[in-house]
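Please open the model in your viewer and keep the selection tool at hand, since each stop on this tour begins with something to select.

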Amino acid sequence: MNRKLERKYFYVLIVLVTVLVFLSLSIIFLPRPERSETENRPLAPFPKFTTESYLNGSFTRDLTLWFADTVPFRDNILKLSSRLKEFEGIRQDNIKFHGNVQIVATEPEQGETAPQNGTEPPSVADLTPEYGRNEPGGEGDPLGSVTAATEPAETEPETDSLEFDNNGIVTIGDRSFMLFGGNRVQGKYYADVLNAYKVQLGEGINVYSMVVPTAVEFYLPDQYAEYSNSELNQINYIYENLVGVTPIDAYSVLASHTDEDIYLKTDHHWAQLGAYYASIAFAETLGEPVQPISDYEKKSREGYVGSLYGYTNDIKILESPERFDYYIQPLPYKTEFFKYDTLASEGYGSLIYETSTSEKGYQMFIGSDAKHIKVTTENKNGKRLCVFKESFGNALIPSLIPYFEEIYVIDIRFFGMNAIDYMKQEGITDVLFVNNIFAANTQMLIDYINNLRYGPVGLTTAATEETETETTLEQPEPPLELLEETFETTAPPIEEIY
Amino acid sequence: MVFSELIFIYAFLPLFFIFYFLSRNLTYKNIVLVIFSLVFYAWGEPVWVLLLVGSTLADYFNGLFISKHFGKKTAKLGVAASLAVNLGLLAIFKYGAFFTQTFNSVTGLALPVHELDLPIGISFYSFQSISYIVDVYRGKVKAQRSFLKFMMYISMFFQLVAGPIVCYDTIERQIERRDISISNFSQGLIRFLIGLGKKVIIANSVGGIADGILSNAVPQSTAAAWFGILMFTLQIYFDFSGYSDMAIGMGRMAGFTFLENFNYPYIARSAREFWRRWHISLGSFFREYVYIPLGGNRKHQYLNLVIVWFLTGLWHGASWNFILWGCYFGVLIIIENLFLGKVLEKIPKIFSHIYLLFAAVLGWSLFYFTDLSRLGVYLSAMFNFGGSNVKLIDEITKTTFLNNIFVIAIAVIFCLPIIPKLKEFFTHKKSAIAQNIYLFGQTAAAITVLVISSILLVGDTNNPFLYFRF
């Protein structure tokens, strides 16, 4: 190497090393964020060093994750990263797919969808409603997420993580939604669990099931139809399998309002307007006069970007924020919040948290998922409703106020007591299971609902010893082989699905 | 730790080089390198680092023993001891479960199968150790008297966990005296950054597409099947050669010259040529330490080829599909030796290119599917055999292709020897201006790649796979 060239490389060296040193110092010494606003999640914490955590490798693994996850200016860099990814290719017709999308739709004819994974669902005769208690599948620790979710103040409720298996996400113009895989075996399981509730609660208590379709059902262009299963077929399949449980046809009323904003465009949830329409179907089933939407006070917020940006990191979602509409129930009511586990009262609050920042659109409804809620209305009809829900149910609660005297809201993932005992203790007259069709097809979530019949889920409980013994006596041993078979044919690990 | 992690690029590596260059004499440099290498290794394997030190210690003494008994029959004992240690560890950790399962299925017995975690890099460092011992035995290199230096040779974090397999004789001189210079450091750094870009910008992107298709139970369509395996073809090249680039680059920064490990394999025109361009250090190892000792071309050549390719397959993983993949190349190479090679040279180039690409891509499908029944499903979709009622093309494949068309184009372009051509164009004239342009371009490209890769790496922790779970 001649000396002239060596000197030129000296300049190269100076430039490269300056850049590297600058970046290294910035990344090491600048303050690190603890949570990500765009993704709406806490970032990886700095791990605790113990001999054990070092030796099993978790310390170094978590340290690596912490270092990468809490990079200074993370949210801005993330946006840059989303922008860079736009250069990967072009969007024809403004369409982009995220995740692993598979062909799932089968015969389009009504009713006769072939079961997924090539196995027959167990016949009704094989399965008693008396499912045993199952450990919720998957790796997520529901209690762990509760801890994270309860930390912030009540007025800053946490988002839930995406609760269910899906078949990838599609962005079409300014609207994104998840593609529906569907799973008949799980649908049957869902129906059976609800039937089991009905059996345990007895004739005196009305049990209703509302399975909610999602945006993909109404907004997916025809040419992609085979990548999403018919939600209508799956909902009907669940309803056909209900015994003694009254189905609520939310589908039809939603289907007739698809030109209105019944679903959020940047979020995997429905909009409150959609939930309102679904409540019409419920009111009609109950035989109650419907409260018109004009009674509500409509409010709007501009610039809402929902959960799907965090899930896809697609810059187009960030760049097309939507107007978030919400509706204030005019009837008077009181909302009391309880700790989900001990049921200790945490005082009174609102069903809609208007004080939260505008980004938090859907999280405005009923505060955090990880709360147990009792709504007392001025209606004196003596009807006490208990709602079992995941986050889709949150937007529905305000619209149920005209029809009940009291409404108890149980989040299926967090509630820490025996739900049957609890409902008997509170003198519940009506039970509503409201779940979106993804949740009603996701084993882990159905397991949660099922386990609540046996509760508590490892937490403190108000249930007395007698009732516990009684419950144990009432439940025969779970038909284990049967269960294993069911589960093998169903949800593969989430990584594989997505 | 892997090289394409922010903590490695921005914390570990700068710290290492600060300490390395602050150490004025060789011994201190070696100590720094060994300590950082052990920390690096223990990052992923806090316990198996003992295995690494233990087997290195064993071969250190084996080397001394062989050198003491050089030329005598007893020297063979040292070689035998080394092979026993290295191959024994491989047999236990990497192949234990596989051997027992195979044994069980052949004999119908039900011996307990113990699935052990594979210590990272064991396949690479045990081969380096073996190459050293055999070379000492052959008198090709002198036994290393300093344990520190030997430990450094085996454990150097540049190539410890994913190669290339650096034979002792190729860096024997540099163990004693590093070739440290400003130009080596700069060029090494540029090389490292280019490797980083290959991994983060290209391999991760096309890998995501490949995964999306290959992980399905059945490909959506024939087009999807081809698209998926082609993306995997790109992914594995950019992933692996990117890693080698980073290793070679860091070695150069520290004053070591490692041999090249990849030389644009997809421009080859025969399977033989492909293997002279793909994972060169592994091919050389098998040639030097298996094929030639067996008799090479002189004695029962075809048997030797079968053995070498069986072992090459087995080396890649404890599963039948890897053996199948190795033997597949073995068969192609034997056929080429018999007659096909001459044909390939005579026909128009385009046809021999198509032949090799087809062979390589098909090979990757054997390589990818550890489950042979899934391989069957996939191949029947690719070739639309009767019974596989997949469509010719589907909408998602079209959309995914368009959604990623530019990154795919970049990947394809960089499979061709563009960079060497550019270098030649700018430097062969010895014009100072051309040279300056080249240096400037190189530097600018390296910085761009660093920035883009870092941004993408930050985005990567927003990994849907991590928190799409409940």
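Which side chain meets that of B:R272 in a salt bridge? Keep in mind as you look that this is a predicted model. If you select B:R272 and show the side chains around it, you will find that the partner is B:E336, with 3.8 Å from N to O. The two residues belong to distant parts of the chain, for B:R272 is in helix α11 (residues 271–277) of chain B and B:E336 is in helix α14 (residues 320–346) of chain B, 64 residues apart. Their surroundings can be compared by accessibility: B:R272 counts as partly exposed because its relative accessibility is 27%, whereas B:E336, with a relative accessible area of 2%, is buried.

**Salt bridges in chain A**

Now colour the charged residues of chain A and select A:E86, A:R91, A:K96, A:D314 and A:K316, which are joined into one network by salt bridges that share partners. Over all chains, the count of salt bridges comes to 30.

Select next A:D325 and A:K298, whose salt bridge has its closest N and O atoms 3.8 Å apart. Because A:D325 lies in strand β9 (residues 322–328) of chain A and A:K298 in strand β8 (residues 297–304) of chain A, the pair ties together parts that are 27 residues apart in sequence. Of these two, A:D325 counts as buried at 10% relative accessibility, while A:K298, at 45%, counts as partly exposed.

For another pair, move to A:K374 and A:E406, where the closest N and O atoms of the salt bridge are 3.9 Å apart. Here the link runs between A:K374 in strand β12 (residues 371–377) of chain A and A:E406 in strand β14 (residues 406–411) of chain A, which are distant parts of the chain, 32 residues apart. Is A:K374 buried or exposed? A:K374 is buried, and A:E406 is buried too.

**A hairpin in chain A**

Select residues 169–172 of chain A, which form strand β4, together with β5(A), and you will see the two strands pair in the antiparallel sense over 4 bridges. To follow one of these pairings, start at A:V170, whose bridge partner in β5(A) is A:F177. The hairpin has 2 residues between its strands, and in it A:G173 takes a positive phi near 60°. Then look at strand β5 (residues 175–178) of chain A from either side: A:R175 and A:F177 on one face, and A:S176 and A:M178 on the other, are all buried, so both faces are covered, as buried here means under 20% relative accessible area.

**The cores**

Return to chain B and select B:F8, B:F157, B:F158, B:F256, B:F274, B:W278 and B:W364, which touch the most other members of the largest nonpolar core, a set of 166 residues. Helix α10 (residues 222–253) of chain B gives the largest share of this core, with 17 residues. A second core, separate from this one, has 118 residues, among them A:Y219, A:F337, A:I366 and A:A440.

Zoom in on B:F8 and leave aside its neighbours within four places in sequence; the residues in contact with B:F8 then include B:M1, B:L13, B:F40, B:F157, B:F192 and B:M250.

**Two buried residues in chain B**

Select B:S4, which is found in the segment before α1 (6–22) of chain B. B:S4 is buried, with a relative accessible area of 12%, and beyond its neighbours within four places in sequence it is in contact with B:L196, B:K199, B:V200 and B:L457.

The next residue to select is B:A75, in helix α4 (residues 75–93) of chain B, which counts as buried at 2% relative accessibility. With neighbours within four places in sequence again left aside, B:A75 is in contact with B:I66, B:H69 and B:Y137. The C-alpha atoms of B:A75 and B:F65 are separated by 7.0 Å, although the two residues are 10 residues apart along the chain.

**A patch on the surface**

For the last stop, switch to a surface display and select B:I410, B:I413, B:F414, B:L416, B:I418, B:I419 and B:L422, which make a nonpolar surface patch of about 540 Å². At least two residues of the patch come from each of α18 (405–413) and α19 (418–427) of chain B, and α19(B) gives the most, with 3 residues. B:I410 has its place in helix α18 of chain B and counts as partly exposed, at 39% relative accessibility.

How values were computed:
Residues are numbered from 1 along each chain as its sequence is written. Chains are lettered from A and ligands numbered from 1 in the order in which they are written. This is a predicted model: local features need pLDDT of at least 70, side-chain atom pairs count only at pLDDT 80 or more; totals for chains, interfaces and linings use all residues. Side-chain values use heavy atoms; hydrogens and water are left out. Patches are made of residues with over 30% relative accessible area and no salt bridge: like charges are joined within 9 Å, nonpolar side chains (Val, Leu, Ile, Met, Phe, Trp, Tyr) within 5 Å. Accessible areas come from the Shrake-Rupley method with a 1.4 Å probe; for residues, only the protein chains shown count as cover. A salt bridge is a side-chain nitrogen of Lys or Arg within 4 Å of a carboxyl oxygen of Asp or Glu. Buried means under 20% relative accessible area, exposed over 50%, partly exposed in between (1.4 Å probe, protein chains only). A nonpolar core is a set of buried Ala, Val, Leu, Ile, Met, Phe, Trp, Tyr and Cys residues joined through side-chain atoms within 4.5 Å. Contact means heavy atoms within 4.5 Å. Two strands pair if DSSP finds at least two bridges between them.
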